[in-house]
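Grab your viewer and a pencil. Here are a few short exercises, each with a worked solution.

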Amino acid sequence: LTEKGTAVVDSEGAVYTFGNGDDGRLGLDSLESQMEPVKVQHELTQLRCVEVACGVSHTAALTEKGVVFVWGSNSYGQLGQGTLSSRALPTTISPQQVLGQLTNSSIKSIACGAWHSEWRNRT
């Protein structure tokens with residue numbers, strides 16, 4: 001939940017977003033705002049998410065298998081993909097991208113600040 005958008009995970013692990021659609025922060029392949037929750041499709045449709053976090057203009061979701069998906073503005077590199085390209089659809093971040101040398105670890109939880117993202121690992 002941020003001042004511009006909201007993301008929630010239901011009991012089945014589906015992600016829904018609503019609010020201001022600028023920068024693709026809703027993950028709906030659109031910049032349109034949504035006044036009611038809309039299910040985020042794309043690759044997340046087949047997966048069960050356990051956590052979601054929102055920054056000012058980006059969102060991250062964590063699957064039960066420890067895979068992180070990110071979308072929205074990337075003007076400060078907050079999506080963690082090594083570029084400054086924004087994404088209007090969920091895009092995977094591999095554990096190796098996120099954890100680097102900690103290859104025997106998996107992602108345990110996620111958080112987003114205004115212009116940054118945080119992944120916590122489990123060994």
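**Exercise 1.** Place Asp23 in the fold and decide whether it counts as buried, partly exposed or exposed.

Solution. Asp23 sits in the loop that links strand 2 (15-19) to strand 3 (34-39). Keep in mind that this is a predicted model. Next, take the relative accessibility, 36% for Asp23. The partly exposed class lies between under 20% (buried) and over 50% (exposed), so Asp23 counts as partly exposed. Finally, check the backbone: Asp23 is not a glycine, yet its phi is positive, about 65°. Most residues other than glycine have a negative phi.

**Exercise 2.** Do the same for His42: which loop holds it, and what is the sign of its phi?

Solution. His42 belongs to the loop between strand 3 and strand 4 (49-54). Its phi is positive, near 55°, and His42 is not a glycine either. With 41% relative accessibility, His42 counts as partly exposed.

**Exercise 3.** Work out the surroundings of Ser109: is it buried or exposed?

Solution. Start with the location: Ser109 is part of strand 8 (residues 106-112). Its relative accessibility is 11%; buried means under 20%, so Ser109 counts as buried. Now list its contacts, skipping neighbours within four places in sequence: Glu51, Leu62, Glu118, Trp119 and Arg120. With Arg120, Ser109 also makes a side-chain polar contact of 2.7 Å.

**Exercise 4.** Zoom out: how many helices and strands does the protein chain have?

Solution. Count one helix and nine strands, in the order β-β-β-β-β-β-β-α-β-β along the sequence. For burial, 39% of the 123 residues of the protein chain count as buried.

Note on methods
Residues numbered from 1 in each chain as written. Predicted model: local features only at pLDDT ≥ 70, side-chain atom pairs only at ≥ 80, totals over all residues. Heavy atoms only, no water. Helix = DSSP H or I, 4+ residues; strand = E, 2+ residues; numbered from the N terminus. Buried < 20%, exposed > 50% of the residue type's maximum accessible area, 1.4 Å probe, protein only. Polar contact = N/O pair within 3.5 Å; in protein donor to acceptor, adjacent residues only side chain to side chain. Contact = heavy atoms within 4.5 Å.
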